[in-house]
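Welcome, and thanks for taking a look at this one with us. Below is a friendly walk through some local features worth having at hand while you turn the model on your screen.

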Amino acid sequence: MEKVFATPMTGEGRARLAEAVNARVGEREATWFPFGRSILGTSLLCAKRGAGTPVLLFVGAHHGMEHITGNLLYAFLAERELPRGTYYVVPCLNPDGVELELTGALSPLLAERQLRMNGGSRDFSRWQANARGVDLNHNYPTGFDAYRSIERSLGITGGAPTRYSGEYPLSEPETQALMGLIEILNPDAVLTLHTQGREIFFGADPCRRARLWGQLLARRVGYRVGSPSGAAAYGGLTDTLAEREVPALTVECGYGTNPLPLSLLPSLWQEVSPLLYHAADCLEYVNKL
């Protein structure tokens with residue numbers, strides 16, 4: 001892996017990473033397009049590579065503190081040869097949360113609120129939410145109402161660094177944009193990268209194909225496989241897609257304490273890249289059963 005892919009995922013860093021992808025494989029091979037904007041107006045970008053079936057969507061950086069997942073996806077996009085299929089890749093769904101976690105730079109529009117949500121501290125190194133304190137992976141429809149009681153038991157009543165689900169399902173422009181993208185692309189399957197734990201989750205009520213796909217991929221990388229428990233089991237993208245019979249998996253990459261340092265990126269790439277490379281052929285095997 002080239003050192004450039006360990007560039008921190010700030011706004012400038014993401015631009016440099018996209019340039020590195022284009023320099024390596026060519027602008028015609030990696031096609032970038034916007035599919036929405038964040039709460040602060042940051043463009044949300046998706047890249048397309050490949051052609052034909054299956055059609056896969058990979059999503060990184062739902063959470064500010066898990067920005068290393070975006071580095072993994074930029075590195076994947078930069079590989080000169082990818083397995084057969086069409087790959088749509090969103091390296092960073094939560095650019096504002098990532099920026100806040102990495103730099104601590106407050107939004108002029110939300111500075112007072114962000115400080116209040118963070119307990120008055122200017123240390124945002126544990127920030128997971130988007131710019132207005134909504135945990136994007138609790139903002140999807142399935143399980144949203146059930147999660148509200150858990151939220152109250154955790155003492156969460158409004159915007160926070162993590163675990164606040166928002167005012168209503170898909171209240172955030174980032175989750176709205178991603179669900180809109182999924183409607184347009186109609187992917188055969190979706191992988192969402194998070195950190196950490198070396199686990200693959202296929203949702204609380206997965207379709208048969210998602211369960212089998214997750215088990216095959218888990219064997220490729222030596223991860224545990226199963227369904228999430230506790231607060232993690234509600235309001236997530238994987239569960240919402242499972243309800244629609246779309247094979248979807250949440251991959252908890254690596255092991256350690258979030259945020260995983262970029263010094264771990266080379267070893268994390270060696271660990272996770274086989275999963276990304278074999279996502280298509282494992283899915284096609286499942287579809288033939």
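## A walk through the model

Gly254 sits in the loop that runs between β8 (248-253) and α9 (265-288). Keep in mind that this is a predicted model. With a relative accessible area of 2%, Gly254 is buried, because buried means under 20%. Leaving out residues up to four places away in sequence, Gly254 touches Gln196, Gly197, Arg198, Tyr223, Leu260, Leu268 and Glu271. Gly254 and Leu265 are eleven residues apart in sequence, and their C-alpha atoms are 9.5 Å apart in space.

The loop between β8 and α9 also holds Pro259. A cis peptide bond joins Asn258 to Pro259, with omega at about -5 degrees.

## Helix α2 and its partners

Helix α2 packs against α9 at an angle of about 60 degrees, and the two axes are 10 Å apart. The pair is therefore oblique, since this angle lies outside the ranges for roughly parallel, antiparallel or perpendicular. The crossing of α2 and α9 is right-handed. On the α2 side the contact is made by Ile68, Asn71, Leu72, Leu73, Ala75 and Phe76, while α9 brings Leu265, Leu268, Trp269, Val272, Leu276 and Tyr277. By class, the residues of this contact of α2 with α9 are eleven nonpolar, one polar and no charged.

How do α1 and α2 pack, in angle and axis distance? Their angle is about 20 degrees and their axes are 9 Å apart. That makes α1 roughly parallel to α2, because angles under 35 degrees count as such. The crossing of α1 and α2 is right-handed. Here Arg14, Leu17, Ala18, Val21 and Val25 of α1 meet Asn71, Tyr74 and Leu77 of α2. The residues of the contact of α1 with α2 divide into six nonpolar, one polar and one charged. Asn71 is thus listed in the contact of α2 with α9 and in the contact of α1 with α2.

Thr69 is another residue of helix α2. Its relative accessibility is 0%, so Thr69 counts as buried. Setting aside neighbours within four places in sequence, Thr69 is in contact with Gly60, Ala61, Leu193, His194 and Thr195.

## Aromatic rings

The model has a count of seven aromatic pairs. One of them is Phe76 with Tyr87, an edge-to-face pair at 5.4 Å centre to centre and 65 degrees between the planes. This pair links distant parts of the chain: Phe76 belongs to helix α2 (residues 68-77) and Tyr87 to strand β4 (residues 85-90), eleven residues apart. Are these two residues buried or exposed? Both Phe76 and Tyr87 are buried. Together with Phe58 and Tyr277, they form one aromatic cluster. Phe76 and Tyr277 also appear in the contact between α2 and α9.

## Helices α3 and α8

In helix α3 (residues 95-103), the buried residues are Pro95, Asp96, Gly97, Val98, Leu100 and Glu101. Their cover includes α1 (11-25), β2 (43-51), α4 (111-117) and α6 (173-185). Just after α3 comes Gly104, with a positive phi of about 70 degrees.

Thr240 is placed in helix α8 (residues 237-243). Thr240 counts as buried because its relative accessibility is 2%. Not counting residues up to four places away in sequence, Thr240 touches Tyr140, Pro141, Thr142 and Met179. Thr240 and Gly143 are 97 residues apart in sequence but 8.2 Å apart in space, C-alpha to C-alpha.

## Backbone details

Most residues other than glycine have a negative phi, and most peptide bonds are trans. The table gathers some sites to look at with that in mind.

| Site | Backbone feature | Value |
|---|---|---|
| Thr53 and Pro54 | cis peptide bond | omega about 0 degrees |
| Asn258 and Pro259 | cis peptide bond | omega about -5 degrees |
| Arg163 | positive phi | near 75 degrees |
| Glu245 | positive phi | near 65 degrees |

Where do these residues lie? Pro54 is in the loop between β2 and β3 (55-59). Arg163 lies in the loop between α5 (144-153) and α6, and Glu245 is found in the loop between α8 and β8. With a relative accessible area of 37%, Arg163 is partly exposed.

Conventions. Residues numbered from 1 in each chain as written. Predicted model: local features only at pLDDT ≥ 70, side-chain atom pairs only at ≥ 80, totals over all residues. Heavy atoms only, no water. Helix = DSSP H or I, 4+ residues; strand = E, 2+ residues; numbered from the N terminus. Buried < 20%, exposed > 50% of the residue type's maximum accessible area, 1.4 Å probe, protein only. Contact = heavy atoms within 4.5 Å. Phe/Tyr/Trp six-rings, centres within 6.5 Å; stacked < 30°, edge-to-face > 60°. Axes fitted to C-alpha atoms, helices over the stretch in contact; angles between N-to-C directions. Parallel < 35°, antiparallel > 145°, perpendicular 65-115°, else oblique. Left-handed = near helix turned anticlockwise from the far one by under 90°. Nonpolar A, V, L, I, M, F, W, Y, C, P; charged D, E, K, R; others polar.
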